[in-house]
Amino acid sequence: ARARRITALREAIGAKKAARVAATGAIKSMDYGAAVHGISDADMERIHKVGLAGMSPSAKGRSKTAVLAIAGDPAWQAMVAPILQWVRMAWKAENEQRSTVRVDDMEEAWNEARAEREKLVSPTGRRRWQLVRGPAGATHLALERIGWWSEDEVTLTDDEGVSRRIDKFSPALWAALLKEAVQRHHEKQLG
């Protein structure tokens, strides 16, 4: 229903404005809670469908992956929301005296969830979002989705092999790095 409304809006006001409405309204309402529990691959497909409804080209049979790789993903924040939340918590822990969470606490939570994380990806590589029980598991699957990983959750290694500590860079820089990673993810899917 949302995708049809966005498609009708695109026809009425144009693709550029409709894409903006989809990205700032419809997609944002669909990604509620993503920072804590993540968004399953099936739900991500639904979010992309709504976002794509407002984008050009609008021909039937177009490649979703090609459009996202060329025009950019309006739902990139939803794909990486748990990671963004995790680095925001680390930044606050490191830079705000009133923070109730320390980076050491986050590392401990990551280590305590190790057994859970091992079950989150099936032997065939399918992500099991229904088994996520908190921010550490959601962060793990969001990292896996874009080809990133972490041994200790204090240092993230990106899809290009560059490692960075979560508490040493601002959330704004992390957002830019993650947006670029989502873009590379779509480009790799093109082949």
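Here are three short exercises, each with a worked solution, on the predicted model shown above.

**Exercise 1. A salt-bridge network**

Task: Find which residues are joined with Arg 127 into one network of salt bridges.

Solution:
- Begin with the whole structure, where a search finds eleven salt bridges.
- Look next at Asp 41 and Arg 127, whose side chains meet in a salt bridge at 3.2 Å, N to O. This pair links distant parts of the chain: Asp 41 sits in helix α4 (residues 41-53) and Arg 127 in the loop between α8 and α9, 86 residues apart.
- Now turn to Glu 144, whose side chain also meets that of Arg 127 in a salt bridge, here at 2.7 Å, N to O. Glu 144 belongs to helix α9 and lies 17 residues apart from Arg 127.
- Put the pieces together: salt bridges that share partners join Asp 41, Arg 127, Glu 144 and Arg 145 into one network.
- Finally, check accessibility. Arg 127 has a relative accessible area of 18%, so it is buried, as the cut-off for buried is under 20%. Asp 41, at 27%, counts as partly exposed, and Glu 144, at 28%, counts as partly exposed too.

**Exercise 2. A buried arginine without a salt bridge**

Task: Work out which side chain of opposite charge is nearest to Arg 117, and how far away it is.

Solution:
- Locate Arg 117 in helix α8 (residues 114-119).
- List its contacts: leaving out residues up to four places away in sequence, Arg 117 touches Trp 110, Asn 111, Ala 136 and His 140.
- Search for opposite charge: the nearest such side chain is that of Glu 153, 6.4 Å away. A salt bridge needs the nitrogen and oxygen within 4 Å, and Arg 117, though buried, has none.
- Look at Glu 153 itself, which is in the loop between α9 (135-145) and β1 (155-157). With 1% relative accessibility, Glu 153 counts as buried.
- Note its backbone as well: phi of Glu 153 is near 65°, a positive value. Most residues other than glycine have a negative phi.

**Exercise 3. The second largest pocket**

Task: Describe the space in the second largest pocket and the kinds of residues in its lining.

Solution:
- Start with volume: the second largest pocket holds about 190 Å³ of space.
- Move to its centre: eleven residues line this pocket, and the closest to the centre are Ala 71, Gly 72, Asp 73, Pro 74 and Lys 179.
- Sort the lining by kind: six residues are nonpolar, three polar and two charged.
- Ask which element gives the most to the lining. The answer is helix α10 (residues 171-190), with four residues.

Notes
Residues numbered from 1 in each chain as written. Predicted model: local features only at pLDDT ≥ 70, side-chain atom pairs only at ≥ 80, totals over all residues. Heavy atoms only, no water. 1 Å grid on protein atoms, 1.4 Å probe; cavity = no way out; pocket = protein on both sides within 12 Å on 5 of 7 lines; lining within 4 Å. Points joined across faces, edges and corners; volume = space filled by probe spheres on them. Helix = DSSP H or I, 4+ residues; strand = E, 2+ residues; numbered from the N terminus. Nonpolar A, V, L, I, M, F, W, Y, C, P; charged D, E, K, R; others polar. Buried < 20%, exposed > 50% of the residue type's maximum accessible area, 1.4 Å probe, protein only. Lys, Arg positive; Asp, Glu negative; His and termini not counted. Contact = heavy atoms within 4.5 Å.
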